[in-house]
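What can be read from a structure when the sequence and the fold are seen side by side? The paragraphs below go through a few parts in turn.

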Amino acid sequence: MAIRFEILEKDIAGRLGRLRVGEKEVRTPALFPVVNPHLPLVPPSEIRGMGAEAIITNAYIFSKSERFREEALARGLHRVLGFDGVIMTDSGAFQQSVYGDVEFTNRETLEFQQAVGSEILVPMDIATPPQADRAAAEADLATTMDRIREAVALAGTDHLAAPVQGGRFADLRERAGKEVSGLGTGFCPVGGVVPLMEAYRYRELVEVVLAAKRGLSPAACVHLFGAGHPSMLALAVAMGCDVFDSAAYALFARDGRYLTTSGSIHLDEMTELSCPCESCRKRSAEDLREDPDREALLARHNLAVTLAEVARIREAIREGILWELVDERCRAHPRLLDGYRALLGHAEALEASDRASKRRFFYRGAESCLRTEVYRHQELVKRVPVKGRALVTFTGRVEPGYGTVFFFRPPFGPYPPELAETFPVGQSEIPSWDREMVARGCEGIRALMEGHPGVPFAISCQPEWRDLAERLVPGAEVKVEPV
């Protein structure tokens, strides 16, 4: 049976969904932990017990393994690895990008993946590095698309992953997305992005992923290749990524690093273990450092933290509070904050996929002014009918002589009193007003006026907001209320 993706709920561009692979089902967003059969710090059966419904392993490694190749061909990956969930196989393209040419053609990797019982096959795409120029990126993309078309001819689209490449060039990424969707593939990894994540180039990552998403079918399940640090997963989901794979849990453990949702800490520098996982709750930091099984214990902790973060993201989508989780996680590092701000710059496009009503809106700083809910409110308020002279009151005091009255709540701006209990105004929590949120609200007044040209508007506000109102809402009469 083919790969099928069902979207259940949405928040921003994030989707809560079900990925069906044959008779098996994976809740998304989902992490596919990377499993190297030669270095199993956490056995696949234990990974399954920790809640992972899918894993990814490498077809090239299996094909070259004297220990595992024949067994995998004879018994299949599921029996060899002892994992009864979904198994995806990478093609060997990563080894090709790191070590140069490998002795594994596109046809060979696809036929081997089929022979060992992989449920999601990946062709030998070319991961164009970010430093590559446009000519190189176009040539690599052309080769990748040729190989994807060859894969479709060999294996069909039912179990095929079709990678979206194009380097750092947004138009190439968008074009690649359109081409792979045009081939009928429904599982589409965005590749060639590991160097961006390793260098903390999250602003560029946002632009690359959103460009790919513009080209892809909205029904496609989007896999972000190589993403697995818990601090950036919420941001990636908000961009519209559904699946992640990573060996970070094991790689960081071998380096003695302890993953958290706000970054990583070297175990040698730690005095306390704050995590309640099995590796941490019965040990002190010193115990963990001195344990002969330290790497495996640290890998279990790292994987537990990452899987827990994915579950937290799913719950945030369900509750409609993904923006707040993204805001919290992205304040862990300045470059993540850079990526967050880049995503907010696409609020107009993101609003089209965002849900109409949510549990709440918590104001967490100036970035909250740029959220999709604010953009949508200011677009919708233009449609509210206005009769006669209009008043926007910051204090709620209503003067006679106006045909239409709007109340004011930053950062949204004006709203009809009848909508005081509806989302987002009625479910918003904001601290004491500041200039950023009031300025954004004034932009909403300006949008309302633009929607009703020729209607006289007055603004009634406290003295401290007079300069903002006069500067940002030209053409309105600004009246200062007595203190």
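The model shown here is predicted. A good place to begin is a hairpin, in which two residues join β10 to β11. Strand β10 covers residues 257-260 and strand β11 covers residues 263-266. The two pair in the antiparallel sense, with four bridges between them. Arg 257 can be found opposite His 266 in β11.

Further along the chain is an open sheet of five strands, with mixed pairing and the order β15-β14-β13-β17-β18. Its edge strands, β15 (413-415) and β18 (477-480), each pair on one side only. From one strand to the next, the twist averages 30°. At the β15 edge, the neighbour is strand β14, made of residues 404-409. β14 and β15 run antiparallel and are joined by three bridges. Phe 407 has Tyr 415 in β15 as its bridge partner. As a general point, side chains in a regular strand alternate between the two faces of the sheet.

The last stop is an open space, the second largest pocket, with a volume of about 400 Å³. Its lining consists of 16 residues. Those nearest the centre of the pocket are Ala 13, Lys 213, Arg 214, Ala 349 and Ser 353. At least two lining residues come from each of β1 (3-11), α10 (202-215) and α18 (347-351). Of the elements, α10 gives the most to this lining, with three residues. By type, the lining of the second largest pocket has nine nonpolar, three polar and four charged residues.

Methods. Residues numbered from 1 in each chain as written. Predicted model: local features only at pLDDT ≥ 70, side-chain atom pairs only at ≥ 80, totals over all residues. Heavy atoms only, no water. Pairing = 2+ DSSP bridges. 1 Å grid on protein atoms, 1.4 Å probe; cavity = no way out; pocket = protein on both sides within 12 Å on 5 of 7 lines; lining within 4 Å. Points joined across faces, edges and corners; volume = space filled by probe spheres on them. Nonpolar A, V, L, I, M, F, W, Y, C, P; charged D, E, K, R; others polar. Axes fitted to C-alpha atoms, helices over the stretch in contact; angles between N-to-C directions.
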